[in-house]
Amino acid sequence: GQTKTVPCKLKDAKYGKVCVCTADYCDYLENPTVSKDNEFALISSTKQGLRFAVSSGQFGNKDKYTIKDFEAAASQTEAANETIIERLLQQAFPQTDKAQSITRAVTLNVNRSQQFHKILGFGASFTGAVSYLLENYKEQALQDHLHKSYYAAEGLGFNLLRTSIGGCDFDLSAWAYNELPENDTKLTAMDKLDARDVIRVAQMKHLIEVSGVKQLKIKGAAWSSPKWMKTNNRWTGFGRLKRDYYQTWADYHLKWVDLMEQNGLPIWAISTGNEPMNGILFMFFVRFMSLGWTPWRQAVWLNDNLGPTIRNSKYKDLVIFGNDDQRYTSPYWFKIMKYARPNVLDYLDGVALHWYWDEIFGNSFVDKTNDYMADKLLIISESCIGDKPWQQAKPMMGSWERAEKMARSFLAHFNRGFHGWIDWNMILDELGGPNYVDNTVDAPVIANTTSKLLTNINVICLAIFTFITTAYTEFYKQPMFYIMGHFSKLVPEGSVRIEAVASNINLDSIAFERPDKQIVLVLFNSGRADLDININDTKRGKVTVNVPAKSIHTMLYK
């Protein structure tokens with residue numbers, strides 16, 4: 001049944017605030033509805049602590065609607081102390097009356113007749129690490145809360161999901177299908193799911209069942225072939241696919257798609273391989289499994305092997321994404337592919353990019369990609385924070401700043417024509433893993449893997465206890481989780497981006513018309529001042545909403 005609205009159980013963390021979920025409590029928000037033509041609903045989240053707070057109002061009303069920020073309930077002692085301090089300050093500095101807080105203003109013109117591209121959807125990734133953490137949530141209710149928080153309508157409303165074909169770095173070890181027998185071009189060992197995928201497939205099917213997600217689109221990507229197919233016979237390092245196994249590697253992808261289908265998980269898309277440059281240029285930095293490709297060689301494989309293998313199979317409508325790497329490789333990648341095989345790009349339905357170096361390599365790389373890949377799907381297929389040497393390579397619990405980085409990137413990409421976004425791991429532990437090479441990062445949801453029951457027992461006893469129980473009892477939703485929801489929750493597949501132009505830089509925004517013709521605005525105030533947003537819609541008229549500093553809002557109206 002439908003989970004009703006349940007407020008966030010807010011908790012202070014080292015870098016901000018998180019929402020706590022346990023087996024018997026997790027926050028949800030039923031999607032707000034508007035019944036009257038001039039009515040609007042507003043969902044708000046702030047650095048201070050609002051999480052999906054709902055309010056409403058009406059267009060045409062001359063009064064300004066003010067979103068009141070979260071205020072922590074101070075104890076009576078704290079309140080009394082603050083009053084004493086204020087009184088002493090006033091006596092010492094009588095001229096310093098409380099300064100009026102600054103409020104900036106912006107006008108947002110929404111033109112629903114100016115339409116752009118359609119939205120495909122939003123999603124997260126189901127890695128071996130996610131599967132492992134779910135296994136350790138022994139209470140099914142807690143697993144269900146994670147699935148519903150992301151994929152249910154009362155959660156983030158996600159509809160995309162990425163998973164690895166074989167293993168990836170977020171696994172307990174490197175692995176692939178058909179590691180044995182070696183040199184087996186018939187792939188005789190790929191007749192059933194690997195034991196790890198038996199667990200993962202069951203979990204993904206359960207996700208679909210409990211969340212009620214409609215038409216989940218699953219995208220697969222391979223990090224590496226079995227070692228025997230590679231020039232260096234290793235999981236990592238400078239290693240490419242041996243020419244003798246080009247067709248075998250294409251058959252491997254087809255067999256994986258077939259295995260998943262046979263086990264009740266139809267696959268929507270695959271890519272030509274995860275981060276192909278890792279096995280060519282970055283093998284000194286990348287210690288996890290990879291398969292190196294140059295664009296020239298990948299064009300040959302796609303044109304002569306993978307493309308025909310898929311298109312001549314019963315999965316001929318499978319979506320194939322190219323690149324699945326950083327944007328700086330992208331224009332060059334497709335240009336060289338086209339040189340190698342003039343018609344090869346016809347096999348590709350879309351471009352998948354990772355966001356990791358976007359601050360350094362600008363939007364021109366995306367624009368130049370469109371010279372070769374116009375009218376194809378554009379998605380971000382992987383994003384997380386903590387990947388850079390200068391960033392903390394683990395969760396920063398409660399960080400609003402990391403959430404803001406995500407908001408800016410969502411806005412930049414969707415305003416430039418992107419159709420979808422798939423985040424990286426759905427959940428990680430407090431260290432940003434598990435990851436078999438300690439390539440730890442942050443995630444929107446963090447598992448509490450340390451029992452709080454034994455706070456006064458020494459570390460050795462705690463380790464023994466944890467080893468015996470290995471059951472986790474809560475997880476934390478970070479600000480990043482809610483930021484993603486401000487884009488995904490009310491913007492279903494098939495929504496169309498429409499024109500929304502702000503009069504100045506105080507506001508970052510984007511607007512969509514949904515399939516039901518309702519309008520959704522995402523309003524992001526990253527400044528330190530409150531902001532009056534004067535919204536002017538070509539059909540609905542005007543309304544002014546005052547929003548707090550460091551806040552994000554999603555507005556829904558007819």
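## Exercises on strand pairing and cysteines

Ala105 stands opposite Asp532 in E20. The exercises below start from this contact and use a predicted model.

**Exercise 1.** Find which strand pairs with E20 in the parallel sense, and over how many bridges.

Solution. Begin with Asp532 of E20, which faces Ala105. Next, place Ala105 in its strand: E6 covers residues 103-118, and E20 covers residues 530-537. E6 and E20 pair in the parallel sense, with eight bridges between them.

**Exercise 2.** Determine how E20 and E21 run relative to each other, and what joins them.

Solution. Locate E21 at residues 541-547. Then take one facing pair: Asn536 lies opposite Lys542 in E21. Seven bridges connect E20 with E21, and the two run antiparallel. Last, follow the chain from E20 to E21: the connection is a hairpin of three residues.

**Exercise 3.** List the disulfides of the structure and give the handedness of each.

Solution. A search of the whole structure gives two disulfides.

- Step one: the sulfur atoms of Cys8 and Cys19 are 2.0 Å apart, which is within the 2.5 Å cut-off, so the pair is a disulfide. This pair links distant parts of the chain, 11 residues apart, with Cys8 in the segment before strand E1 (10-13) and Cys19 in strand E2 (residues 16-22). The torsion about its S-S bond is about -100°, and the disulfide of Cys8 and Cys19 is therefore left-handed.
- Step two: Cys21 is joined to Cys26, S to S 2.1 Å. Here the angle about the S-S bond is 65°, and the link is right-handed.
- Step three: with bonded cysteines counted along the chain, the pattern reads 1-2, 3-4.

**Exercise 4.** Decide whether Cys19, Cys21 and Cys26 are buried or exposed.

Solution. Apply the cut-off: a residue is buried under 20% relative accessible area. Cys19 has 0% relative accessibility and so counts as buried. Cys21 and Cys26 are buried too.

**Exercise 5.** Explain why Cys168 and Cys384 are not bonded to each other, and state whether each is buried or exposed.

Solution. Start from Cys168: the closest cysteine sulfur to its own is that of Cys384, 11 Å away, which is too far for a bond. Repeat the search from Cys384: its closest cysteine sulfur belongs to Cys168, again at 11 Å and too far for a bond. For burial, Cys168 has 0% relative accessibility and therefore counts as buried. Cys384, at 6%, also counts as buried.

Methods. Residues are numbered from 1 along each chain as its sequence is written. This is a predicted model: local features need pLDDT of at least 70, side-chain atom pairs count only at pLDDT 80 or more; totals for chains, interfaces and linings use all residues. Side-chain values use heavy atoms; hydrogens and water are left out. Two strands pair if DSSP finds at least two bridges between them. Helices (H or I, at least four residues) and strands (E, at least two) are DSSP runs, numbered from the N terminus. Buried means under 20% relative accessible area, exposed over 50%, partly exposed in between (1.4 Å probe, protein chains only).
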